Amino acid sequence: DRLVSFTIERVGEGKFFGYGICQRLNVHLRDVNRELEVNTSNTIEVVFGAQNDYLYAFPPFRVREVHRNETTNELSITGYDALYDAANHTISELDLSSYNLEGIAQKIARAIGLNLRLEVPQNDTAFAVYYPNGANLDGTEPFRTVLDEIAEATQTIYYVNNQWELVFKRLDKDGHELLTIDKSKYYTLNSKTNKRVKTIISATELGDNVSAST
């Protein structure tokens, strides 16, 4: 009953997803008795439940800001996935000499606390392209810039999944859904409760905006 609402939205230079998808969580919690302690050392996970099915469709969000309304005691919390940190690091922090595209992507992933996952056909060689003398980098490039260049060269998008992995994926129109909520899984709201549904939830790997509130 503490949850007032939450939204998940893409953050970046443009409205369309581009090469990389970074997501931001805004959540509002009611804490009348001041029992909740949330700070920037915390992470928040969003879980969708329908009867016995539970879907962790999003990566954990690292809390960046917490504000309390002193009148209503409502907490307003903002968090980002791990790609948010990638913009604050430059390639000079990595020890690079000779490598392939998979190697540099892996080093960036580890630097921001993630594992690397490639979702491309098994016979795909794009990530194996080797640079014996290093790529054309001067060290000042942010991680996000280099990740964009890797995605452009390999015709993929990248994002953080719900397993704390940095995923490079080639889009597939024949992909399968993770969870479908149909009539058998609906729950009923009635006049005996003081709650009503205000928003509908949807989520895709392209980072479509998500919201939920009652």
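1. On the other side of helix α3, away from its buried residues, E152 and A153 are exposed. This description, like the points that follow, refers to a predicted model.

2. The buried residues of α3 are F143, R144, V146, L147, I150, A151 and T154. Viewed down the helix axis, these buried residues fall within an arc of 160 degrees, so they line one face of α3. That buried set packs against β2 (20-30), α1 (83-86), α2 (101-111), β11 (157-160) and β12 (165-169).

3. The length of α3 can be checked against its residue count. The helix has twelve residues (143-154), and at 1.5 Å a residue it should span 16 Å; the C-alpha atoms at its ends lie 17 Å apart, which agrees with that expectation. Just after α3, Q155 adopts a positive phi of about 55 degrees.

4. Helix α2 may be described in the same terms. Its buried residues are L101, I104, A105, I108 and A109. Because their directions, seen down the axis of α2, fall within an arc of 140 degrees, these residues line one face of the helix. The elements covering them include β8 (99-100), β9 (115-119), β10 (130-131), α3 and β12. After α2 comes G113, and its phi is positive, near 80 degrees.

5. Strand β7 (residues 74-80) contains I77. With a relative accessibility of 2%, I77 counts as buried, because the cut-off for that class is under 20%. Leaving aside residues up to four places away in sequence, I77 touches L25, N26, V27, L29, V38, I44, V63, E65 and V66. For one of these contacts, the one with I44, the separation is 33 residues in sequence and 9.6 Å in space, taken from C-alpha to C-alpha.

6. D85 deserves separate comment. This residue is found in helix α1, and D85 is buried, with a relative accessible area of 13%. The side chain of D85 makes polar contacts with two arginine side chains: with R62 at 2.6 Å, and with R64 at 2.5 Å. Apart from residues up to four places away in sequence, D85 touches R62, R64 and I112.

7. Taken together, the two helices discussed above are linked through packing: α2 is among the elements against which the buried residues of α3 pack, and α3 is among those covering the buried residues of α2. Strand β12 appears in both environments, as a packing partner of α3 and as part of the cover of α2.

How values were computed. Residues are numbered from 1 along each chain as its sequence is written. This is a predicted model: local features need pLDDT of at least 70, side-chain atom pairs count only at pLDDT 80 or more; totals for chains, interfaces and linings use all residues. Side-chain values use heavy atoms; hydrogens and water are left out. Helices (H or I, at least four residues) and strands (E, at least two) are DSSP runs, numbered from the N terminus. The expected span of a helix is 1.5 Å times one less than its number of residues. Buried means under 20% relative accessible area, exposed over 50%, partly exposed in between (1.4 Å probe, protein chains only). The arc is that of the directions from the helix axis to the C-beta atoms. Contact means heavy atoms within 4.5 Å. A polar contact is a pair of N or O atoms within 3.5 Å; within protein, one must be able to donate a hydrogen and the other to accept it, and residues adjacent in sequence count only if both atoms are side-chain atoms.
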